[in-house]
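Let's take a walk through a protein fold together, one piece at a time. Keep the structure open beside you and turn it as you read.

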Amino acid sequence: MNLLLTSGGLRNETLREALRDMLGKPFGSANIVYIPTASVAESGDHGWFVADINRLHGLGWREFDVLELNGLPQKTVLDRLLRADVVHVGGGNHYHLARSITGNDLAEGFLRALESRVYVGVSAGSMIFSRNLTEHSADVIGDAGDLHALGATTVEPPFGLFDWYLKPHLYSPDFPERDDAWADRIVERADFPVHFIDDETAVRVSDDKVDVVSEGRWRFHP
């Protein structure tokens, strides 16, 4: 399984080159499917979403598909995933994304598809692989309001591949509260490992190997 879990997408050449290496062929010879599901649960201006999808489209794919996880037959969703070489899951509300995967019974088929494809996550799309994506971690991290906004009090991790939790947008001007003091407060409460990454960084998972790819800054607390 090859995962490139970013905070802000493919913003620099180091991250783009990491994806090329994982993919094993030029972007122009590959199909990509973009999943915007997490974004629709966010209110307010979506200029960030437009910028992200434009930046990704500009890399020049052979085929650029857009796939919503809700409202389509399960087989249709999974067939579209299988058509792609790269599955790219965008940002927004990670609880909505997780609940869309579990609620539509997509987790098993999704993981099977990822056995032979490259996954790129952006923000919410990078956060859904931890077995610690629960209502407990929502309280620890301090974003339970994003879960309650969905009319929910619980969340089930759709995949549960790792014990570590990923928190994006460290030092981001769009999230000015996410500084070292903010990370320190989370670490004091957390009873699970946490990766904090900025928008120029990704956690890369290749089979059993986990490392960090970056032109920016990050923190890891085991």
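Strand β1, which covers residues 2–6, pairs with β5 in the parallel sense, and five bridges hold the two strands in register as partners. To find one of these bridges in this predicted model, look at Leu3, whose bridge partner in β5 is Tyr119. In general, the strands of a sheet pair through backbone hydrogen bonds, and they can do so in a parallel or an antiparallel way.

Now look at another partner of β5. Strand β4 is joined to β5 by four bridges, and these two strands also run parallel. Here you can pick out Val89, whose bridge partner in β5 is Gly121.

Is β5 mostly covered or mostly open? It is mostly covered, with five of its five residues buried. In a regular strand, side chains alternate between the two faces of the sheet. In β5 both faces are covered: Val118, Val120 and Val122 are buried on one side, and Tyr119 and Gly121 are buried on the other.

Let's step back along the chain to Arg117, which sits in the loop between α5 (107–114) and β5. Is Arg117 buried or exposed? Its relative accessible area is 14%, and buried means under 20%, so Arg117 counts as buried. Which residues does Arg117 touch, if we leave aside its neighbours within four places in sequence? Its contacts are Asn2, Leu81, Leu82, Ala84 and Asp85. The fold also brings the C-alpha atoms of Arg117 and Met1 to a separation of 7.4 Å, although these residues are 116 apart along the chain.

With those strands in mind, we can view the whole sheet. It is an open sheet of seven strands in the order β3-β2-β4-β5-β1-β8-β9, and its pairing is mixed. At the edges stand β3 and β9 (209–214); each has a single partner strand, so one side of each is left without a neighbour in the sheet. From one strand to the next, the twist averages 20 degrees.

Follow the sheet to its β3 edge. Four bridges join β3 to β2, and the two strands run parallel. Within this pair, Ile32 stands opposite Phe64 in β3. Helix α2 packs on the sheet, where it touches β2, β3, β4 (86–89) and β5 (118–122). The direction of α2 makes about 175 degrees with that of β2.

Next come the empty spaces. The structure holds one cavity of 30 Å³ or more, and about 30 Å³ of space lies in it. Its lining is made up of Asn31, Ile32, Val33, Glu63, Asp65, Arg80, Arg83 and Ala84. You have already met two of these residues: Ile32 in the pairing with β3, and Ala84 among the contacts of Arg117. Strand β2 gives the most to this lining, with three residues, while β2, β3 (63–66) and α3 (74–83) each supply at least two. By class, the lining has three nonpolar, one polar and four charged residues.

Finally, turn to the largest pocket, which holds about 630 Å³ of space. Which of its 28 lining residues are closest to its centre? They are Trp48, Gly92, Ser123, His169 and Phe175. Helix α2 (residues 47–57), the helix that packs on the sheet, provides the largest share of the pocket lining, with five residues. The lining of this pocket has eight nonpolar, 10 polar and 10 charged residues.

How values were computed:
Residues are numbered from 1 along each chain as its sequence is written. This is a predicted model: local features need pLDDT of at least 70, side-chain atom pairs count only at pLDDT 80 or more; totals for chains, interfaces and linings use all residues. Side-chain values use heavy atoms; hydrogens and water are left out. On a 1 Å grid over the protein atoms alone, a cavity is a set of points where a 1.4 Å probe fits but cannot get out, and a pocket is an open set with protein on both sides within 12 Å along at least five of seven lines; lining residues have an atom within 4 Å of a point. Grid points are joined across faces, edges and corners, and a volume is the space filled by probe spheres set on the points. Ala, Val, Leu, Ile, Met, Phe, Trp, Tyr, Cys and Pro count as nonpolar, Asp, Glu, Lys and Arg as charged, and the others, Gly among them, as polar. Two strands pair if DSSP finds at least two bridges between them. Axes are lines fitted to C-alpha atoms, for helices over the stretch in contact, and angles run from 0 to 180 degrees between N-to-C directions. Contact means heavy atoms within 4.5 Å. Buried means under 20% relative accessible area, exposed over 50%, partly exposed in between (1.4 Å probe, protein chains only).
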